[in-house]
Amino acid sequence: MHTFLSRVNAVSAFSLSTLAALTFFCFASTFFKSYTAPVSITAANIVLKNVPEYAVSREKNDLGALRFDMTSDLTPLFNWNTKQLFLYLVAEYETQNNKVNQVVLWDRIIRRGESSIITLKNQHLKYYFWDDGNGLLGHKNVSLSLSWNIIPIAGTLPLWSGSGSYKLSFPSEYTQGRSSY
């Protein structure tokens, strides 16, 4: 006969193998699901200043500010394997110094059970819109888009983007003095 410890070992190994297989099937059942959603973004009160950035150096860099409106229904992104969503608004543009510039301007975490309908009106930026130089002055092709990471209960951490973006233009002159954008 087998000893008590060998029986516990056999039961534990079988249980862990079964749980690992079930976890894999849970992950596989949502792996091929599309996690896109329509997003509507608009921006207004676009202000551009040329100010010294004291955190890195005393060189003057462009600092953009704006307010935005955003609406989206992210309810279809939640399923039994979705724990939470990490949303972030990205500004993407090209300058002479850098082919790709991406700046995160705003973010939010939506947990399971919370309202997943986004309706923002006249929202301020959560993070500064710094450019490493003077690349925003007169820039006519800055794209705002909403992206998200889906944090699953089991599986990989996919990155998705919403279908819909907004192209904005920065002024060709810097704003002087204090402005209440």
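What follows is a walk through this structure, one region at a time. Keep in mind that you are looking at a predicted model.

Let's start with helix α1, which runs over residues 4-31. Leu19 sits in this helix, and with a relative accessibility of 52% it counts as exposed, since the cut-off for that label is over 50%. To get a feel for distances, pick out Thr75 as well: Leu19 and Thr75 are 56 residues apart along the chain, and their C-alpha atoms are separated by 29 Å.

Now for the aromatic rings. Searching the whole structure turns up 10 aromatic pairs. One of them joins Phe31 and Phe32, whose rings meet edge-to-face, with 4.9 Å from centre to centre and 85 degrees between the planes. Those two numbers are the usual way to put it: a pair of aromatic rings is described by the distance of the centres and the angle of the planes. How exposed are these two residues? Phe31 is partly exposed at 44% relative accessibility, while Phe32 counts as exposed at 75%. They also belong to a wider group, because ring pairs link Phe24, Phe25, Phe27, Phe31 and Phe32 into a cluster. A little further along the chain, Lys33 lies over the face of Tyr35, 5.0 Å from the ring centre.

Tyr35 leads us to Thr82, as it is one of the residues that Thr82 touches. You'll find Thr82 in strand β3, residues 82-93. Is Thr82 buried or exposed? It is buried, with a relative accessible area of 0%. Leaving out residues up to four places away in sequence, its contacts are Tyr35, Leu77, Arg112, Ile150, Ile151 and Pro152. With Leu77 there is something extra to see: the side chain of Thr82 reaches the backbone oxygen of Leu77 at 3.2 Å.

Next comes the nonpolar core. In soluble globular proteins, nonpolar side chains tend to be buried together. Here, the largest nonpolar core has 33 residues, and the members that touch the most others are Met70, Leu74, Leu87, Phe129, Leu144 and Trp148. Several strands feed into this core: β1, β2 (60-73), β3, β4 (101-111), β5 and β7 (142-152) each supply at least two residues. Phe129 makes a good place to stop and look around. Setting aside neighbours within four places in sequence, Phe129 is in contact with Asp62, Leu63, Gly64, Leu66, Ala91, Tyr93, Val103, Leu105, Leu136, Val142 and Phe170.

Two of those partners, Leu66 and Phe170, turn up again around Ile46. Ile46 lies in strand β1 and is partly exposed, with a relative accessible area of 24%. Beyond residues up to four places away in sequence, Ile46 touches Ala65, Leu66, Leu168, Ser169, Phe170 and Pro171. For another sense of scale, Ile46 and Trp148 are 102 residues apart in sequence, and 25 Å lies between their C-alpha atoms.

What about charged pairs? The structure holds two salt bridges. In one of them, the side chains of Glu94 and Lys99 meet with a distance of 4.0 Å from N to O. Glu94 is partly exposed at 46% relative accessibility, and Lys99 counts as exposed at 64%. The side chains of Asp107 and Lys126 form a salt bridge too, at 2.7 Å from N to O. Asp107 lies in strand β4 and Lys126 in the loop between β5 and β6 (129-131), so this pair ties together parts that are 19 residues apart in sequence. Asp107 counts as buried, since its relative accessibility is 14% and the cut-off for that label is under 20%.

Finally, take a look at the backbone. Most residues other than glycine have a negative phi. Which way does Asn45 go, positive or negative? Its phi is positive, about 55 degrees, although Asn45 is not a glycine. Asn45 belongs to strand β1, which covers residues 39-52, and is partly exposed with a relative accessible area of 41%. Asn122 also has a positive phi, near 55 degrees, and is likewise a residue other than glycine. Asn122 is in strand β5, residues 117-124, and counts as partly exposed at 43% relative accessibility.

How values were computed
Residues numbered from 1 in each chain as written. Predicted model: local features only at pLDDT ≥ 70, side-chain atom pairs only at ≥ 80, totals over all residues. Heavy atoms only, no water. Helix = DSSP H or I, 4+ residues; strand = E, 2+ residues; numbered from the N terminus. Buried < 20%, exposed > 50% of the residue type's maximum accessible area, 1.4 Å probe, protein only. Polar contact = N/O pair within 3.5 Å; in protein donor to acceptor, adjacent residues only side chain to side chain. Contact = heavy atoms within 4.5 Å. Phe/Tyr/Trp six-rings, centres within 6.5 Å; stacked < 30°, edge-to-face > 60°. Lys NZ or Arg CZ within 6 Å of the ring centre and 35° of its normal. Core = buried A, V, L, I, M, F, W, Y, C linked by side-chain atoms within 4.5 Å.
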